Amino acid sequence: MLTPIAYGLAVVLNLFVLFIGARFLLSPRPAAAGYGVPAKENGDAAYLTIKGLRDFVYGVLGLALLIFVGARAEAWFMLVVALLPLGDTLIVLRHGGSKAVAFGIHFATAVVLLISAALLFAV
């Protein structure tokens, strides 16, 4: 029973990160607003592209680890990748974003990643 939940959550999280990356690549300004720190109108294009590429690649890497290496490697990946939304929480707070976005999106994502890692380690 635990195995389908652990794998299912990992797949959903990786696909969600792929989506976020694609959104930053295709619609960077609305994606930045959703992130919690709106982009400046005449700047930030390179950084938004970097964010999109980073997230897209992390989603692909997570799926590749799950498919080709297995649950234990994916668990370590989820554990390490949880540092990113923790950092995102601090970035949003430091740059004037709302606490609701910082904690309700980014910090909550870190918690879900840690839960996913725990489930995958238990498989």
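This briefing walks through the charged network, the pockets and the nonpolar surface patch of the structure above. Please keep in mind that the model is a predicted one. Four residues, Lys51, Arg54, Asp55 and Asp88, are joined into one network by salt bridges that share partners. The largest pocket holds about 480 Å³ of space, and the second largest has a volume of about 400 Å³. On the surface, a nonpolar patch covers about 1,100 Å².

**The salt-bridge network**

- The count of salt bridges comes to 3, and here is how they fit together.
- Asp55 meets Lys51 in a salt bridge, with 2.5 Å from N to O.
- These two partners, Asp55 and Lys51, both sit in helix α3, 4 residues apart, which is about one turn of the helix.
- Asp55 has a relative accessible area of 7%, so this residue counts as buried.
- Lys51 is likewise classed as buried because its relative accessible area is 14%, and the cut-off for that class is under 20%.
- Asp55 also forms a salt bridge with Arg54, where the closest N and O atoms are 3.2 Å apart.
- Arg54 has a relative accessible area of 26% and is therefore partly exposed, a class that runs between the 20% limit for buried and the 50% limit for exposed.
- Arg54 pairs in turn with Asp88 in a salt bridge whose closest N and O atoms are 3.9 Å apart.
- That pair links distant parts of the chain, with Arg54 in helix α3 and Asp88 in helix α5, 34 residues apart.
- Asp88 counts as buried because its relative accessibility is 8%.
- As general background, side chains of opposite charge can pair when their charged atoms come close.

**The largest pocket**

- A set of 26 residues lines the largest pocket, and those nearest its centre are Phe16, Ile20, Lys51, Asp55 and Thr109.
- Two of these names, Lys51 and Asp55, are familiar from the salt bridge they share.
- Six helices each supply at least two lining residues to the largest pocket: α1 (2-26), α2 (28-35), α3 (45-69), α4, α5 and α6.
- Helix α1 gives the most to this lining, with 8 residues.
- By residue type, the lining of the largest pocket divides into 16 nonpolar, 5 polar and 5 charged residues.

**The second largest pocket**

- The second largest pocket is lined by 16 residues, and Tyr35, Val37, Tyr47, Leu48 and Ile91 lie nearest its centre.
- Helices α2, α3 and α5 are the elements that give two or more residues to the lining of the second largest pocket.
- Helix α3 provides the largest share of that lining, 5 residues.
- The lining of the second largest pocket contains 10 nonpolar, 1 polar and 5 charged residues.

**The nonpolar surface patch**

- The patch is built from Trp76, Leu79, Val80, Leu83, Leu86, Leu90, Leu93, Phe103, Phe107, Val111, Leu114 and Ile115.
- Helices α4 (71-81), α5 (83-94) and α6 (99-122) each contribute at least two residues to the patch.
- The largest share of the patch, 5 residues, comes from α6.
- Leu114 is one of the patch residues and is found in helix α6.
- At 38% relative accessibility, Leu114 counts as partly exposed, which means that this side chain can belong to a patch, where over 30% relative accessible area is required.

**Two further residues to look at**

- Leu66 is found in helix α3 and counts as buried because its relative accessibility is 8%.
- Leu66 and Ala10 are 56 residues apart in sequence, while their C-alpha atoms are 8.0 Å apart in space.
- Lys40 lies in the loop between α2 and α3, and with 60% relative accessibility Lys40 counts as exposed.
- From Lys40 to Asp55 the distance is 20 Å, C-alpha to C-alpha, with their positions 15 residues apart in sequence.

Note on methods:
Residues are numbered from 1 along each chain as its sequence is written. This is a predicted model: local features need pLDDT of at least 70, side-chain atom pairs count only at pLDDT 80 or more; totals for chains, interfaces and linings use all residues. Side-chain values use heavy atoms; hydrogens and water are left out. Patches are made of residues with over 30% relative accessible area and no salt bridge: like charges are joined within 9 Å, nonpolar side chains (Val, Leu, Ile, Met, Phe, Trp, Tyr) within 5 Å. Accessible areas come from the Shrake-Rupley method with a 1.4 Å probe; for residues, only the protein chains shown count as cover. A salt bridge is a side-chain nitrogen of Lys or Arg within 4 Å of a carboxyl oxygen of Asp or Glu. Buried means under 20% relative accessible area, exposed over 50%, partly exposed in between (1.4 Å probe, protein chains only). On a 1 Å grid over the protein atoms alone, a cavity is a set of points where a 1.4 Å probe fits but cannot get out, and a pocket is an open set with protein on both sides within 12 Å along at least five of seven lines; lining residues have an atom within 4 Å of a point. Grid points are joined across faces, edges and corners, and a volume is the space filled by probe spheres set on the points. Ala, Val, Leu, Ile, Met, Phe, Trp, Tyr, Cys and Pro count as nonpolar, Asp, Glu, Lys and Arg as charged, and the others, Gly among them, as polar.
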